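Me: Please take a close look at one part of this model and describe how that part packs against its surroundings. I would like a single connected account, with the reasoning spelled out wherever an angle or an accessibility is turned into a category.

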Amino acid sequence: TGVQTCALPISRLGLLGGAVQYLFEYPYGCLEQQSSRVLPLVVFGDYIDVFNLTSEVTNVHKCVTSYFKEWKNCQHSGGGFGYWPSSPWSDMFVSIRIAQIYALALRHGYSKRECAIDIDSLLNYIAQEIEDYNDYFRAYAYYVLALNGRHIPEGKLNALVADERQDISVLALAGLASYAQDDQDATIAKRAAAKIRTYMRP
């Protein structure tokens with residue numbers, strides 16, 4: 001007498017649908033939230049139908065570039081971005097995230113003109129201020145700086161990977177930073193991967 005339905009995603013991307021949908025329905029407009037919305041659109045824009053967002057986002061490219069235009073107006077004179085559009089102080093996590101989205105957008109066909117923020121000023125802010133932060137923030141910043149073509153001294157990445165009790169996320173980000181700037185010869189990335197494997201169980 002009843003009807004049951006079962007929907008099976010055609011790829012693992014479908015498993016992210018609920019999470020992406022939640023980000024678009026979340027009611028706050030802080031830059032952290034905005035950047036969390038834009039990141040999957042930049043990376044998975046060609047698969048927007050998988051996320052069931054066709055009603056919210058009819059034109060992915062236009063949506064992404066509109067956020068960059070809004071962010072340009074929020075960027076501080078020192079290069080960083082605040083947690084809220086009107087925040088007078090820069091937030092390091094938000095600033096790193098927007099720099100990451102910028103780098104990924106260029107890799108996915110967006111032009112520098114469309115990504116209208118002052119990226120050099122932003123990268124300078126991150127590079128100058130990041131050393132006062134914890135290992136996770138520094139690893140994330142090094143990865144994003146490397147994505148944007150900034151060279152990270154080997155000693156800084158080595159220091160993160162050498163810690164015998166280092167967190168997996170820090171090892172992964174430090175390894176990605178090494179790979180981003182050294183490609184196939186990224187020895188630090190290989191060392192980080194070897195350490196991550198020790199956490200794995202058969």
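Reply: A contact here means that heavy atoms lie within 4.5 Å. In this predicted model, residues 24 or more positions apart account for 65% of the contacts in the protein with a separation of 6 or more. The protein has nine helices and zero strands, and buried residues make up 44% of its 202 residues. The part I will follow is helix H2, which spans residues 31-44, together with its partners H3 and H4.

The axis of H2 comes within 10 Å of the axis of H3 (residues 60-74), and the two cross at roughly 150°. An angle over 145 degrees counts as roughly antiparallel, and H2 is therefore roughly antiparallel to H3. The handedness of this crossing is left-handed. On the H2 side the contact is formed by Leu31, Gln34, Ser35, Arg37, Val38, Leu41 and Val42, while H3 contributes Val60, Cys63, Val64, Tyr67, Glu70, Trp71 and Cys74. Sorted by class, the residues of this contact comprise 10 nonpolar, two polar and two charged.

Within that interface, Gln34 of helix H2 deserves a separate look. Its relative accessibility is 8%, and Gln34 therefore counts as buried, the limit for that class being under 20%. Once neighbours within four places in sequence are set aside, the residues in contact with Gln34 are Gly29, Tyr67, Glu70, Trp71 and Pro85. Tyr67, Glu70 and Trp71 in this set also belong to the H3 side of the contact between H2 and H3.

Tyr67 and Trp71 are linked to each other as well. A search of the whole structure finds nine aromatic pairs; in the pair of Tyr67 and Trp71 the ring centres are 6.0 Å apart and the planes stand at 45°, so this pair is tilted. Tyr67 and Trp71 are four residues apart in helix H3, and about one helical turn therefore separates them. Tyr67 is buried, as is Trp71. Elsewhere, Tyr83 and Trp84 form an edge-to-face pair, with 6.0 Å from centre to centre and 70° between the planes. Tyr83 has a relative accessibility of 34% and so counts as partly exposed, and Trp84, with a relative accessible area of 40%, is likewise partly exposed.

The second partner of H2 is H4, which covers residues 92-107. The axes of H2 and H4 come within 10 Å and cross at roughly 20°; because angles under 35 degrees count as roughly parallel, H2 and H4 are described as roughly parallel to each other. H2 passes H4 in a left-handed crossing. From H2, the residues that meet H4 are Leu31, Glu32, Ser35, Ser36, Val38, Leu39, Val42 and Val43, and from H4 they are Phe93, Val94, Arg97, Ile98, Ile101, Leu104 and Ala105. This contact of H2 with H4 divides into 11 nonpolar, two polar and two charged residues. Leu31, Ser35, Val38 and Val42 appear in the contact with H3 and again in the contact with H4, whereas Gln34 is listed in the contact with H3.

Two features carry the picture beyond H2 itself. Phe93, named above on the H4 side, forms one aromatic cluster with Tyr133, Tyr136, Phe137 and Tyr140. The loop between H3 and H4 holds Gly79, whose relative accessible area of 0% is the reason why Gly79 is classed as buried. The C-alpha atom of Gly79 is separated by 7.2 Å from that of Asn124, although Gly79 and Asn124 are 45 residues apart along the chain. Not counting residues up to four places away in sequence, Gly79 touches Ser121, Leu122 and Tyr125.

To draw the account together, H2 runs roughly antiparallel to H3 and roughly parallel to H4, with a left-handed crossing in the case of H3 and again in the case of H4.

Notes: Residues numbered from 1 in each chain as written. Predicted model: local features only at pLDDT ≥ 70, side-chain atom pairs only at ≥ 80, totals over all residues. Heavy atoms only, no water. Axes fitted to C-alpha atoms, helices over the stretch in contact; angles between N-to-C directions. Parallel < 35°, antiparallel > 145°, perpendicular 65-115°, else oblique. Left-handed = near helix turned anticlockwise from the far one by under 90°. Nonpolar A, V, L, I, M, F, W, Y, C, P; charged D, E, K, R; others polar. Phe/Tyr/Trp six-rings, centres within 6.5 Å; stacked < 30°, edge-to-face > 60°. Buried < 20%, exposed > 50% of the residue type's maximum accessible area, 1.4 Å probe, protein only.
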